[in-house]
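Work through the following exercises with the sequence and the model side by side. Each task is followed by a solution that goes step by step.

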Amino acid sequence: MLHVNAPPYAGGPTPKGDQTVRAVAGTSSLTEQVIEAVREAIHSGELRPGELYSVYRLAEQLNVSRTPVREAMLRLAEAGLVRFERSRGFRVLRRDPREIAEVFHLRLLLEVPATRRAARDAGPGLARLLREELEAMRAAAAGHDEPRFMRHDRAFHDAILAAGANRRLAEVVAGLRDATVTLGASTADRSRSLADVAAEHEPILAAVLGGDPDAAAAAMRAHVAHTGELLLAQAAAENGLPADPADIALIRDAAGESTT
């Protein structure tokens with residue numbers, strides 16, 4: 001993280017106190033980098049829900065032009081993470097637990113049967129690819145490299161969806177995962193470690209290697225449902241409330257579990 005204590009732009013309100021939103025750099029698009037930087041700042045508490053921030057000051061802090069910052073904030077606003085206030089700036093919104101429950105409800109309905117189908121039809125190529133991605137996840141976890149970990153986590157899931165031979169389903173699930181990422185929802189180092197997340201993928205791989213579609217589906221169901229419930233609890237806690245039983249039920253019903 002790069003500590004920045006520069007004078008504000010004249011065009012908007014100044015964030016309260018010194019901010020340490022990291023400057024963006026690298027090979028991905030500037031818009032994507034701004035989105036990632038803002039998510040990290042929200043996750044760490046440097047950008048706080050309810051506070052008013054300036055797009056101009058944010059661009060200055062990130063050392064980029066205003067255009068990618070505006071584009072990034074528009075995407076974050078569409079995802080419900082921030083809200084624009086005309087001629088004033090933007091506010092960080094609290095995550096909506098219901099939205100997280102709905103995303104994971106859909107993921108369970110789609111990913112579990114896709115995993116069963118992939119395991120049923122899996123060839124040696126899928127097993128090899130999943131093993132490589134899981135090994136890469138473990139290495140990233142050992143290095144505490146969350147961005148790299150999440151890339152391999154996603155590649156693991158994408159490989160299973162691709163093997164399920166339904167391109168449209170894979171695209172829908174990718175969109176659901178994008179929504180979760182854009183919202184900045186992560187359990188890493190909050191509800192569980194990266195190593196814990198990697199471990200939840202081990203039964204999925206073992207079932208694929210063993211040619212057991214039902215076990216693969218059950219392992220995927222347990223992993224996705226657990227992730228959804230943890231994120232739901234985190235979002236509810238950020239709002240100062242316990243998780244709504246109706247939201248918990250939405251996830252558990254899709255996972256075939258009883259809430260009683």
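**Exercise 1. Find the aromatic pairing in this structure, and describe its geometry and setting.**

Step 1. The structure holds 1 aromatic pair, where rings of Phe, Tyr and Trp (its six-membered ring) pair if their centres lie within 6.5 Å, with planes under 30 degrees apart counting as stacked, over 60 as edge-to-face and the rest as tilted.

Step 2. The partners are Tyr-53 and Phe-90, which lie 5.8 Å apart centre to centre with 35° between the planes, and the pair is therefore tilted.

Step 3. The pair links distant parts of the chain, since Tyr-53 belongs to strand 1 (residues 52-53) and Phe-90 to strand 3 (residues 89-92), 37 residues apart; helices (H or I, at least four residues) and strands (E, at least two) are DSSP runs, numbered from the N terminus.

Step 4. Tyr-53 has a relative accessible area of 2% and is buried, and Phe-90, at 0%, also counts as buried, where buried means under 20% relative accessible area, exposed over 50% and partly exposed in between (1.4 Å probe, protein chains only).

The model is predicted, so local features need pLDDT of at least 70 and side-chain atom pairs count only at pLDDT 80 or more, whereas totals for chains, interfaces and linings use all residues. Residues are numbered from 1 along each chain as its sequence is written, and side-chain values use heavy atoms, with hydrogens and water left out.

**Exercise 2. Trace the salt bridges made by Glu-85, and state which residues share their network.**

Step 1. A salt bridge is a side-chain nitrogen of Lys or Arg within 4 Å of a carboxyl oxygen of Asp or Glu, and by this rule the count comes to 17.

Step 2. Glu-85 meets Arg-83 at 3.3 Å, N to O, and Arg-91 at 2.4 Å, N to O.

Step 3. Glu-85 counts as buried at 15% relative accessibility, and Arg-91 is buried too, whereas Arg-83, at 41%, counts as partly exposed.

Step 4. The network of salt bridges links Arg-83, Glu-85, Arg-88 and Arg-91.

**Exercise 3. Place the salt bridge between Arg-167 and Glu-171 within its helix.**

Step 1. The two side chains meet at 2.9 Å, N to O.

Step 2. Arg-167 and Glu-171 are 4 residues apart in helix 7 (residues 167-182), and are therefore separated by about one helical turn. An α-helix has 3.6 residues a turn, so residues three or four places apart point the same way.

Step 3. Arg-167 counts as exposed at 59% relative accessibility, while Glu-171, at 43%, counts as partly exposed.
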